[in-house]
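New to this one? Have a look at the chain and its fold below, then read on for a short tour.

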Amino acid sequence: MGILNLFRRRIKDPELCRLRDLLAIVYASGEMTTKERSTILEITTKHNISNSKFHQMLEINPDSVQDAYPITQKEKDEYLHELVYLMVVNGKHTMRAVNYAEFIAQKMGYNSQDVHEMIEIVSSCPIHNSTKKKSTQWQVKSTRDFSQEEINAVSQAIVVSSQYGNSIQFTLKTGATTYIPLDLSSNLTTGTIIDITKVKLLTLEKDGECDIYRVLPI
């Protein structure tokens, strides 16, 4: 019995927990890319996590590592920011990776809306080889109506608040929810039901960043 307990013993180490979660995000989208590996090593350097511990985490069973999450809100925000940054660093991410991010975020007290808004905020896809002068402001790339397919898929759209400002919560007929921030020019208040046939979807672009989306009432 004592030996079995040793086999079942799990490691409680905040550094391994962070590495476990970072690797979970990476492998949710497939094999680790060179850019993802470099990003993880940047994060480990920032937190003074040794390369040997990174390689240790690659070798051990992730289930052997206990949860050991930050305590302060600032540290939690940083933790979530790093997960999302890693998730989008290649310029794309899978729904499976988003689901993992939401699962990890929930352990720290966040919800699905927080994760989706963080994805919108981070949206970091650096273009290292660009030779043109980079714009420091977001520009409107396109403006369009919601498609009939999108309209048919939504059962309700309502304004909700968050620490990042107001967003539209779209509840789909499948039961799933997704969030898109409101444009800063909007004066719609929390609780307002939105007719999505009367709003526009803005796509914004900036050099060195992924496109982001905003809802604009008309």
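## A salt bridge to start with

Let's begin with one pair of charged side chains: Glu150 and Arg144 meet in a salt bridge, with 2.9 Å between N and O. Keep in mind that what you're looking at is a predicted model. Glu150 is partly exposed, at 28% relative accessibility, and Arg144 is partly exposed too, with a relative accessible area of 35%.

## The overall layout

Stepping back, the protein has eight helices and six strands. Along the sequence they run α-α-α-α-α-α-α-β-α-β-β-β-β-β. There are 218 residues in the protein, and 40% of them count as buried.

What share of the contacts with a separation of 6 or more joins residues 24 or more positions apart? That share is 69%. As for the outside, the accessible surface comes to about 12600 Å², and carbon and sulfur atoms account for 52% of that.

## How far to trust it

The average pLDDT is 82, and 87% of the residues score at least 70. Among the elements, helix 2 has the highest mean, 93, while helix 1 (residues 2-8) has the lowest, 39.

Two stretches call for some care. Residues 1-8 stay under 50 in pLDDT, and the model gives them zero contacts beyond four places in sequence. Residues 124-134 are also below 50, but this stretch has 19 contacts in the model beyond near neighbours in sequence. Where pLDDT is low, the predicted coordinates should not be read in detail.

## Two nonpolar cores

The largest nonpolar core has 35 residues, and the members that touch the most others are Ile40, Leu80 and Met87. Several helices chip in with at least two residues each: helix 2 (14-28), helix 3 (34-46), helix 4 (51-59), helix 5 (73-88), helix 6 (95-107) and helix 7 (112-122). Helix 2 gives the largest share, eight residues. Apart from this core lies another one, of 14 residues, including Phe146, Ile151, Phe170 and Leu182.

Which residues does Leu80 touch, leaving out those up to four places away in sequence? They are Ala105, Met108, Tyr110, Val115 and Met118.

## Charges that pair up

In total, the model has ten salt bridges. One of them joins Glu82 and Lys46, whose closest N and O atoms are 3.3 Å apart. Glu82 sits in helix 5 and Lys46 in helix 3, so this pair ties together parts that are 36 residues apart in sequence. Glu82 counts as buried because its relative accessibility is 5%, under the 20% cut-off. Both residues also belong to a network of salt bridges that links Arg18, Lys46, Glu78 and Glu82.

Lys107 and Asp67 make a salt bridge as well, at 3.3 Å from N to O. Lys107 is in helix 6 and Asp67 in the loop between helix 4 and helix 5, so to speak a link between distant parts of the chain, 40 residues apart. Lys107 is partly exposed, with a relative accessible area of 35%, and Asp67 is partly exposed at 33%.

## A charge without a partner

Now for Glu102, in helix 6. Glu102 is buried yet has no salt bridge. How far away is the nearest side chain of opposite charge? That side chain is Arg96, 13 Å away.

Setting aside residues up to four places away in sequence, Glu102 touches Ser112, Val115 and His116. Ser112 has its place in helix 7 and is buried, with a relative accessible area of 18%. Beyond its neighbours within four places, Ser112 is in contact with Glu102 and Tyr179.

## A last stop in strand 5

Toward the end of the tour comes Leu204, in strand 5 (residues 199-205). Is Leu204 buried or exposed? At 11% relative accessibility, Leu204 counts as buried.

Not counting residues up to four places away in sequence, Leu204 touches Trp138, Gln139, Val140, Lys141, Asp211, Ile212 and Arg214. Arg214 is ten residues from Leu204 along the chain, and their C-alpha atoms are separated by 7.8 Å.

Definitions and conventions. Residues numbered from 1 in each chain as written. Predicted model: local features only at pLDDT ≥ 70, side-chain atom pairs only at ≥ 80, totals over all residues. Heavy atoms only, no water. Core = buried A, V, L, I, M, F, W, Y, C linked by side-chain atoms within 4.5 Å. Buried < 20%, exposed > 50% of the residue type's maximum accessible area, 1.4 Å probe, protein only. Helix = DSSP H or I, 4+ residues; strand = E, 2+ residues; numbered from the N terminus. Contact = heavy atoms within 4.5 Å. pLDDT = per-residue confidence, 0-100. Lys, Arg positive; Asp, Glu negative; His and termini not counted. Salt bridge = Lys/Arg side-chain N within 4 Å of Asp/Glu carboxyl O. Areas by Shrake-Rupley, 256 points an atom, 1.4 Å probe, with all protein chains shown as cover.
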